[in-house]
Amino acid sequence: MQKNKSTIKLPAFIEDTRLRYVSLTMVVLTITGIVIAFFIKPWLAIGLTVVLLGLLFASFYTLETITKNTNKYITNLSYRIKRGEQEALVRMPMGILMYDKKMNIEWLNPFLRTYFGDEPTLGRNLADVDGELAEIIAGHQDSKEPRLVHWGDNQFEITVQSSIGVVYMMDVTRYAAIEQQAEDEKIVIGQIFLDNYDEVTQSLDDQLISNLSNYVTTELTNWATKFGFFVKRVDDDHFLLIAYAKALKAVIKDKFRVLDTIREGTSKQNAPLTLSIGIAYGDTDLGQLALTSQSNLDLALGRGGDQVVVKARAGEAKFYGGKTNPMEKRTRVRARMISQALQELFKQTDKIYVVGHGRPDMDSIGAALGVRRIAQMNGKECYVVLDPTNLHSDVERLMEKVAADPELANQIITPEAAIGGATDKSMLVMVDHSKPSITTAPDLYTKLQNRVVILDHHRRGEEFPDNPMLVYIEPYASSTCELIAEMFEYQPQGSAPLNKLEATAMLAGITVDTKNFALRTGTRTFDAASYLRSMGADAKLISTMLKENIDSYIQKNHLIESVEMIGDNMAVACGEEVKAYDPVIAAQAADTLLSLSGIDASFVVTKRRDGKVGISARSLGDINVQLIMERLGGGGHLSNAATQMAGVTVADAKGELLNAIHKELTQEDD
């Protein structure tokens, strides 16, 4: 079989150029030959001259042909280029629209014309033809890069050159759909935990436990089937959840109503269970997703349970549920385990520093003194870190009593002294708070941030130490002093116990946080109070320390006079713009408002001495003020919460508060 050799045909003007060079070469050779022949044989020179004339004629003819062919080729090529440009402009899969200074449509290509249907367009104002497109173009004038916009049922990448009145629109609906599908099919991993399963089931017989377990499993399975989740029980009180991001969006829109379903259904069976769920998304690493979901579950449990935390690894946490008071545990097992763990950590440290939150209250100081005594009972050197320049009147009275006790007085130091004495083996115990931003000694925290223990009764927020050595957060507890008081039962009994002043300070902390045992009290609260009384706590001294001075009383009443009602059962009081109020006075005003008939929740907005605006929030329990304060960057408890806002006036803060209340009552997302 012979192989056909393919030939390449060159353009005509290239062929003509080659002929031009051949002709010129022959002319040169002929002239050379005539000159040589003239000296050798004249007749030969005459013949060559005739040949030369013929060649010159052929050359001129060839050059003329070349010129015509070249011009013809260039003309044809220019025509084809121009025609290609016109065809591309008309048929390219991109919309082009031209408009004048008055936004009248001058021209649009056939591709874009199809999106207007039968509507006449040329010469008409764009706003009259399609108001939506007119707004889009007006909002993207001279955009340097293509912007993604929605127009009708389609998505476009749009570029507007207002200087020449041209709009370029590329339909990317198909690609956007593919991208959206990829987003919707990203994996979501969640951990579901039954908060109080052990406590509820320990007093039930096997049949009731089985019925309760079957009910919870059935409800979770039905919920998973409805939204397209996969739920698998991995333990008596633990479920694994796997889903797609699209299903997560749907259940977020539903506000995780399964929490209410489980709580109400189990309550009817006299075995009230609550759920905590931690959900992670937005990561392609399944192992990291699982770790993040567990971290989110820990955050939900740290906030008291009965809620959901949804968060990407590097994103903001979103909270759902958490509308009920956390249930009190019925065992002291955890208190014993934490106490023993604390003793083990004490063995690994040389010095212990206990720090409360800025402008400490009685609970913060009482808890710090309690931890100091526990450290001493374990043979460790311990100091309470306190800023003496920023104390409220009740704490000042307590400190006067402490100053009269040589043992205690020497153990109360300033933040500066603590930083100077801390070593790499020292430990920092944060009591009554878990946010580094509000601690009394931020520099000390920075120095010891890898050796931190947290003992707190507030719901955990997003701001939290990265690697704490031990965390004991119990939102069901009335106060941090209650948690510390329970630990004394598990300390070495041969050591010196709490003295009278320490017990009094701790009981004062419980008294303040429970409003004289009227709010957030459980059986363990009274057990702790009973223990402190047995250690010599002086109720009369507590009453003396907690007395208000005349100026505070007048300021509090002045705040109450400004009260305004929101709806039927909420009250808001605001201080003056130019006057700074003590946060304790604002809190006392909120408590007083709550004692008035018809008020279920109270909010007091005041300017603080640091220039920020503070909001103290209180409720009787039916309204969750903690969720309202979280919308404003704060937090706390269901019935006792607060926030601080920088760079705003009292009036601005009040407006944001009213907006947050409205959103919470209507369940509107931020």
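Reader: How many helices and strands are there in the protein chain?
Author: Keep in mind that this is a predicted model. Of the chain's 670 residues, 46% count as buried. As for the elements themselves, the count for the protein chain is 25 helices and 23 strands.

Reader: In what order do the 6 strands of the open sheet come?
Author: Strands of a sheet can pair parallel or antiparallel, through backbone hydrogen bonds. In this open sheet the pairing is parallel. Going across its 6 strands, you get β14-β13-β12-β15-β16-β17.

Reader: Which strands stand at the edges of that sheet?
Author: Look for strands with a single partner, since one side of each is then left without a neighbour in the sheet. Strand β13 (residues 381–385) is joined to β14 by 2 bridges, and V385 has I413 of β14 as its bridge partner. The edge strands are β14 (412–413) and β17 (470–473).

Reader: What angle does helix α12 make with β17?
Author: Helix α12 (residues 333–346) packs on the sheet. It touches β12 (351–355), β15 (427–431), β16 (452–456) and β17. Its direction and that of β17 make an angle of about 150 degrees.

Reader: Are α18 and α19 roughly parallel, roughly antiparallel, roughly perpendicular or oblique to each other?
Author: Helix α18 (residues 480–487) packs with helix α19 (residues 500–513), their axes 8 Å apart and the angle about 140 degrees. Roughly antiparallel would need over 145 degrees. The two helices, α18 and α19, are therefore oblique.

Reader: How many residues of the contact of α18 with α19 are nonpolar?
Author: On α18 the contact uses C481, E482, I484 and A485, and on α19 it uses M506, G509 and I510. Among these residues 1 is polar, 1 is charged, and the nonpolar ones number 5.

Definitions and conventions:
Residues numbered from 1 in each chain as written. Predicted model: local features only at pLDDT ≥ 70, side-chain atom pairs only at ≥ 80, totals over all residues. Heavy atoms only, no water. Axes fitted to C-alpha atoms, helices over the stretch in contact; angles between N-to-C directions. Helix = DSSP H or I, 4+ residues; strand = E, 2+ residues; numbered from the N terminus. Parallel < 35°, antiparallel > 145°, perpendicular 65-115°, else oblique. Contact = heavy atoms within 4.5 Å. Nonpolar A, V, L, I, M, F, W, Y, C, P; charged D, E, K, R; others polar. Buried < 20%, exposed > 50% of the residue type's maximum accessible area, 1.4 Å probe, protein only. Pairing = 2+ DSSP bridges.
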